[in-house]
Amino acid sequence: MKTKLHIFKIVAKHLSFTQAAEQLFISQPAVSKSIKNLEEEYKTTFFIRKRNSIELTEEGKSFLLYVNKILAIYSEMEEQFLHKKEIFPDFVSFGVSTTLSNYIIPKVIAKFRVQFPQTKFEIISDNSSHIEDLLLNEDIDFGITEGRTNHSKLHFEKFIKDEIVLVTNVNNNVFKKGSIDIETLQTIPIIEREKGSGTKAVIDEFLKNNGIKTLNTVVSLSSTEAIKNYLYHSDHYALLSISAINNDLLHNKLKIIDITDLSIERWFYFVKRTGYQSSNILFFENFIRNNYNF
C-alpha cells in the first residue's frame, strides 16, 4: 500500500504519468496500473484524463490530503524503528557539484542532522570533473554531479532532472516578447561557467548536438553565484540551472528568456566507484531522494 500511495503522490505532484515514471524509475504502464488499482480499491476516480494532460478530481484532492498524512506517519515509523541513530557514522565526507551544493544539498543536510545530530559532515563543493577525480583517487566514496561521464571505474545513478534556462537582468527589455530564436542566441553576449563545470559540459554538448558551434562568450566565471552577481549589474545573458534562480525569479532580480524550439535538460547523478558497496551510503542516497524537495 505504501508504494501505491507514494506513486499517487508523485503523479499528483507532476500531474503527469510520464514525469512520475521518470522520477520513480519505473515504467509509465506500471504507474498507470497502480493508479487504476487505487481507484478501483476506493471506488472513485482520482484523475481526469485529458488528451495531453491529467487533473486531480475533487475526490483526488481530498485523497491527496490523507496520502500526505499517511506517508508522513510511515516516514516517522521508519525513522523510529528501522533507522536507529547509532547505525549511521559520526563523520561523512562527500563531494557535490557547485549548483547542488549551493541550492539543494544544504537544506537536506540540515534535516538529516535533526535525525542524526551526532553526524558531522565535510561537504566538498567543486565542479563535477574534480568530484570525479576525488572519487577515483579514493579521497571520497560518494558524490553528486551535474551530468555523467563514461568512465568505466565510476557508477552513476540518476537523482533528479534539471533544466538549464537563458536568464538576464529583470530590467533588460531588449527582447520585449520574452523569447528569441536559436540564431539570435548565438549573437547575444553570454556569461558562462569555467571549463570543467558540469553545467558548461552539458550546455556545450547540447549546443553541439543542435548544430550550434559557439556562443558569443564575453566573460567566464567560476561559479553560478558570480554569474548571477554579474547579471544583476548588466544586460548580458547566461544559461543557468533553474534550481539556481528560483529566488531571483521570486524577488524580481532575473527573468527567463525562452529560446524557441530549444529545451536544455540534464540529470543530476549520484556517483561512486564501480563496485563500491555501502549500506550507509545507500541509506543516505535514499534520504536525499526523499527530502531534497521538502
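This report walks through some aromatic contacts, a helix pair and a handful of individual residues in a predicted model.

## Aromatic rings

Let's start with the rings. Searching the whole structure turns up 22 aromatic pairs. One of them joins phenylalanine 159 to tyrosine 292 in an edge-to-face arrangement, with 5.3 Å centre to centre and 80° between the planes. That pair bridges distant parts of the chain: phenylalanine 159 belongs to strand S6 (residues 154-169), tyrosine 292 sits in the segment after helix H12 (279-291), and the two are 133 residues apart. Both phenylalanine 159 and tyrosine 292 are buried.

The two rings also have company. Phe159 and Tyr292 belong to one aromatic cluster, and its other members are Phe94, Phe112, Phe116, Phe121, Phe142, Phe270, Phe283, Phe284 and Phe287.

## Charges over rings

Two tyrosines carry a charged side chain over the ring face. For tyrosine 66 the partner is lysine 69, placed 5.7 Å from the ring centre. For tyrosine 276 it is arginine 273, at 5.2 Å from the ring centre.

## How H2 meets H3

Next, a helix pair. Helix H2 (residues 17-24) packs against helix H3 (residues 28-42) at about 110°, and the axes are 8 Å apart. With angles of 65 to 115 degrees counting as roughly perpendicular, H2 and H3 are therefore roughly perpendicular to each other.

On the H2 side, the contact uses Phe17, Thr18, Ala20 and Ala21; H3 brings in Gln28, Val31, Ser32 and Ile35. Sorted by character, the residues of this contact are five nonpolar and three polar, with no charged ones.

## Positive phi in two loops

Some backbone angles are worth a look too. Most residues other than glycine have a negative phi. Leucine 15 goes the other way, with phi near 50°. You'll find leucine 15 in the loop between helix H1 (2-14) and H2, where its relative accessible area of 35% makes it partly exposed.

Glutamate 138 is another non-glycine residue with a positive phi, this time near 60°. Its loop runs between helix H7 (128-136) and strand S5 (143-146). Glutamate 138 has a relative accessible area of 56%, so it counts as exposed.

## Two buried polar residues

Threonine 99 is part of helix H5 (residues 98-103). Its relative accessibility is just 1%, so threonine 99 counts as buried. Setting aside residues up to four places away in sequence, threonine 99 touches Ile104, Glu146, Arg193, Thr199, Thr224, Ser241, Arg266 and Phe268.

Asparagine 291 lies in helix H12. At 8% relative accessibility, asparagine 291 is buried as well. Once neighbours within four places in sequence are left out, asparagine 291 contacts Val108 and Lys111.

## Aspartate 258 on strand S11

The last stop is aspartate 258, in strand S11 (residues 254-259). How exposed is aspartate 258? With a relative accessible area of 49%, it falls in the partly exposed class, since exposed means over 50%.

Aspartate 258 and lysine 177 are 81 residues apart in sequence, yet their C-alpha atoms are 9.2 Å apart in space. Not counting neighbours within four places in sequence, aspartate 258 is in contact with Gly178, Ser179 and Ile180.

Note on methods
Residues are numbered from 1 along each chain as its sequence is written. This is a predicted model: local features need pLDDT of at least 70, side-chain atom pairs count only at pLDDT 80 or more; totals for chains, interfaces and linings use all residues. Side-chain values use heavy atoms; hydrogens and water are left out. Rings of Phe, Tyr and Trp (its six-membered ring) pair if their centres lie within 6.5 Å; planes under 30 degrees apart count as stacked, over 60 as edge-to-face and the rest as tilted. Helices (H or I, at least four residues) and strands (E, at least two) are DSSP runs, numbered from the N terminus. Buried means under 20% relative accessible area, exposed over 50%, partly exposed in between (1.4 Å probe, protein chains only). A charge sits over a ring if NZ of Lys or CZ of Arg is within 6 Å of the ring centre and within 35 degrees of the ring normal. Axes are lines fitted to C-alpha atoms, for helices over the stretch in contact, and angles run from 0 to 180 degrees between N-to-C directions. Angles under 35 degrees count as roughly parallel, over 145 as roughly antiparallel, 65 to 115 as roughly perpendicular and the rest as oblique. Contact means heavy atoms within 4.5 Å. Ala, Val, Leu, Ile, Met, Phe, Trp, Tyr, Cys and Pro count as nonpolar, Asp, Glu, Lys and Arg as charged, and the others, Gly among them, as polar.
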